[in-house]
Amino acid sequence: MKIIVIIEMNNDGSYTAVPQHDFEIGFFGEGKTVDEAITDLENSFIEARKHLPSLPDLEWDLRFDTASFLQYFSGRLSLAGLQTITGINRKQLSHYVTGHSRPSAATVRKIQAGIDKFSQQLSRVCLI
(Lines give C-alpha, C1' and ligand atoms only; values in the text may rest on other atoms or scores of the structure.)
Protein backbone atom coordinates (compact mmCIF):
# COMPACT_ATOMS: atom_id res chain seq x y z
CA MET A 1 0.00 0.00 0.00
CA LYS A 2 1.36 3.42 -0.94
CA ILE A 3 0.72 6.40 1.32
CA ILE A 4 1.66 10.05 1.04
CA VAL A 5 4.33 11.29 3.45
CA ILE A 6 4.68 15.05 3.88
CA ILE A 7 8.30 16.10 4.46
CA GLU A 8 8.71 19.59 5.89
CA MET A 9 11.44 21.71 7.40
CA ASN A 10 10.58 23.06 10.84
CA ASN A 11 11.40 26.54 12.14
CA ASP A 12 14.39 25.14 14.08
CA GLY A 13 15.89 23.63 10.89
CA SER A 14 14.92 20.05 11.71
CA TYR A 15 12.67 17.94 9.47
CA THR A 16 9.49 15.95 9.96
CA ALA A 17 8.07 13.11 7.89
CA VAL A 18 4.33 12.80 8.52
CA PRO A 19 2.38 10.02 6.80
CA GLN A 20 -1.17 10.79 5.74
CA HIS A 21 -3.25 7.81 6.86
CA ASP A 22 -6.32 6.65 8.76
CA PHE A 23 -4.72 3.82 10.74
CA GLU A 24 -5.64 3.31 14.38
CA ILE A 25 -2.09 4.04 15.48
CA GLY A 26 0.15 7.02 14.79
CA PHE A 27 3.73 7.06 13.58
CA PHE A 28 5.97 9.75 12.09
CA GLY A 29 9.63 10.68 11.72
CA GLU A 30 11.84 13.58 12.67
CA GLY A 31 15.52 14.38 12.34
CA LYS A 32 18.23 16.91 11.65
CA THR A 33 18.14 15.97 7.95
CA VAL A 34 15.49 14.61 5.61
CA ASP A 35 17.27 11.25 5.56
CA GLU A 36 17.17 11.11 9.36
CA ALA A 37 13.45 11.96 9.36
CA ILE A 38 12.72 9.20 6.81
CA THR A 39 14.78 6.67 8.79
CA ASP A 40 12.97 7.69 11.97
CA LEU A 41 9.63 7.29 10.15
CA GLU A 42 10.60 3.77 9.10
CA ASN A 43 11.63 2.90 12.67
CA SER A 44 8.43 4.43 14.03
CA PHE A 45 6.41 2.32 11.59
CA ILE A 46 8.22 -0.85 12.75
CA GLU A 47 7.34 0.03 16.36
CA ALA A 48 3.72 0.78 15.42
CA ARG A 49 3.49 -2.59 13.70
CA LYS A 50 4.55 -4.32 16.93
CA HIS A 51 1.45 -2.83 18.56
CA LEU A 52 -0.85 -3.26 15.56
CA PRO A 53 0.38 -6.26 13.52
CA SER A 54 -2.46 -5.84 11.01
CA LEU A 55 -0.76 -2.76 9.51
CA PRO A 56 -0.11 -3.47 5.83
CA ASP A 57 3.26 -3.18 4.13
CA LEU A 58 3.68 0.44 3.11
CA GLU A 59 5.51 2.38 0.44
CA TRP A 60 6.20 6.07 0.95
CA ASP A 61 5.07 8.60 -1.67
CA LEU A 62 7.25 11.51 -0.54
CA ARG A 63 5.93 15.08 -0.90
CA PHE A 64 8.43 17.80 -0.02
CA ASP A 65 8.21 21.43 0.91
CA THR A 66 10.79 23.38 -1.10
CA ALA A 67 13.43 23.59 1.65
CA SER A 68 13.18 19.86 2.35
CA PHE A 69 13.42 18.97 -1.33
CA LEU A 70 16.52 21.11 -1.80
CA GLN A 71 18.17 19.67 1.33
CA TYR A 72 17.34 16.07 0.40
CA PHE A 73 18.67 16.32 -3.14
CA SER A 74 21.62 18.63 -2.39
CA GLY A 75 23.94 15.62 -2.33
CA ARG A 76 22.73 14.61 -5.77
CA LEU A 77 22.14 17.96 -7.46
CA SER A 78 24.30 20.99 -6.77
CA LEU A 79 22.70 24.38 -6.29
CA ALA A 80 24.49 25.48 -9.46
CA GLY A 81 22.85 22.56 -11.28
CA LEU A 82 19.48 23.40 -9.78
CA GLN A 83 19.98 27.00 -10.88
CA THR A 84 20.36 25.74 -14.44
CA ILE A 85 17.35 23.44 -14.12
CA THR A 86 15.01 25.95 -12.47
CA GLY A 87 16.30 29.34 -13.58
CA ILE A 88 16.46 30.47 -9.95
CA ASN A 89 19.68 31.97 -8.64
CA ARG A 90 21.65 29.51 -6.50
CA LYS A 91 22.09 32.10 -3.75
CA GLN A 92 18.31 32.34 -3.52
CA LEU A 93 18.04 28.53 -3.55
CA SER A 94 20.55 28.48 -0.70
CA HIS A 95 18.29 30.79 1.31
CA TYR A 96 15.46 28.28 0.83
CA VAL A 97 17.66 25.36 1.94
CA THR A 98 18.74 27.13 5.13
CA GLY A 99 15.25 28.44 5.89
CA HIS A 100 16.34 32.08 5.75
CA SER A 101 13.50 32.69 3.32
CA ARG A 102 10.58 30.80 1.86
CA PRO A 103 9.71 30.80 -1.83
CA SER A 104 6.52 32.37 -3.07
CA ALA A 105 3.86 30.16 -4.65
CA ALA A 106 5.00 31.34 -8.09
CA THR A 107 8.61 30.39 -7.29
CA VAL A 108 7.53 26.95 -6.07
CA ARG A 109 5.69 26.45 -9.37
CA LYS A 110 8.80 27.55 -11.29
CA ILE A 111 10.99 25.10 -9.35
CA GLN A 112 8.44 22.31 -9.89
CA ALA A 113 8.25 23.05 -13.63
CA GLY A 114 12.05 22.95 -13.94
CA ILE A 115 12.29 19.68 -12.02
CA ASP A 116 9.46 18.16 -14.09
CA LYS A 117 11.15 19.14 -17.36
CA PHE A 118 14.52 17.82 -16.17
CA SER A 119 13.01 14.52 -15.01
CA GLN A 120 11.29 14.08 -18.39
CA GLN A 121 14.62 14.67 -20.12
CA LEU A 122 16.31 12.12 -17.85
CA SER A 123 13.57 9.55 -18.42
CA ARG A 124 14.39 9.59 -22.15
CA VAL A 125 18.09 8.88 -21.60
CA CYS A 126 19.32 5.44 -22.59
CA LEU A 127 22.96 4.62 -22.06
CA ILE A 128 24.62 2.17 -24.45
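**View 1. K50 sits out in the open and pairs with E47.** K50 is exposed, at 57% relative accessible area (buried means under 20% relative accessible area, exposed over 50%, partly exposed in between, with a 1.4 Å probe and protein chains only). Its partner E47 is partly exposed at 40%. The two side chains meet in a salt bridge, 3.0 Å from N to O (the criterion is a side-chain nitrogen of Lys or Arg within 4 Å of a carboxyl oxygen of Asp or Glu). Why can these two be partners along a helix? E47 and K50 are three residues apart in helix α1 (residues 34-51), so about one helical turn separates them. Helices here are DSSP runs of H or I with at least four residues, strands are E runs with at least two, and both are numbered from the N terminus.

A quick note on the model: it is predicted, so local features need pLDDT of at least 70 and side-chain atom pairs pLDDT 80 or more, while totals for chains, interfaces and linings use all residues. Residues are numbered from 1 along each chain as its sequence is written, and side-chain values use heavy atoms, leaving out hydrogens and water.

**View 2. R49 reaches D57.** The closest N and O atoms of this salt bridge are 2.7 Å apart. R49 is partly exposed at 27% relative accessibility, whereas D57 counts as exposed at 55%. Side chains of opposite charge can pair when their charged atoms come close.

**View 3. D61 and R63 make another salt bridge.** Here the N to O distance is 2.9 Å. D61 is partly exposed, with a relative accessible area of 23%, and R63 is partly exposed too, at 40%. How many salt bridges turn up in the whole structure? The search finds three.

**View 4. Four strands build an open, mixed sheet.** The strand order is β3-β2-β1-β4 (two strands pair if DSSP finds at least two bridges between them). At the edges are β3 (29-31) and β4 (59-64), each pairing on one side only. Ignoring direction, neighbouring strands are turned by 20° against each other on average.

**View 5. β1 runs antiparallel to β2.** Five bridges join β1 (residues 2-9) to β2 (residues 15-19). Zoom in on I6 and you'll find V18 of β2 standing opposite.

**View 6. Helix α2 lies across three strands.** Residues 66-73 form this helix, which lies across β1, β2 and β4 (contact means heavy atoms within 4.5 Å). Helix α2 runs at about 115° to β4; axes are lines fitted to C-alpha atoms, for helices over the stretch in contact, and angles run from 0 to 180 degrees between N-to-C directions.
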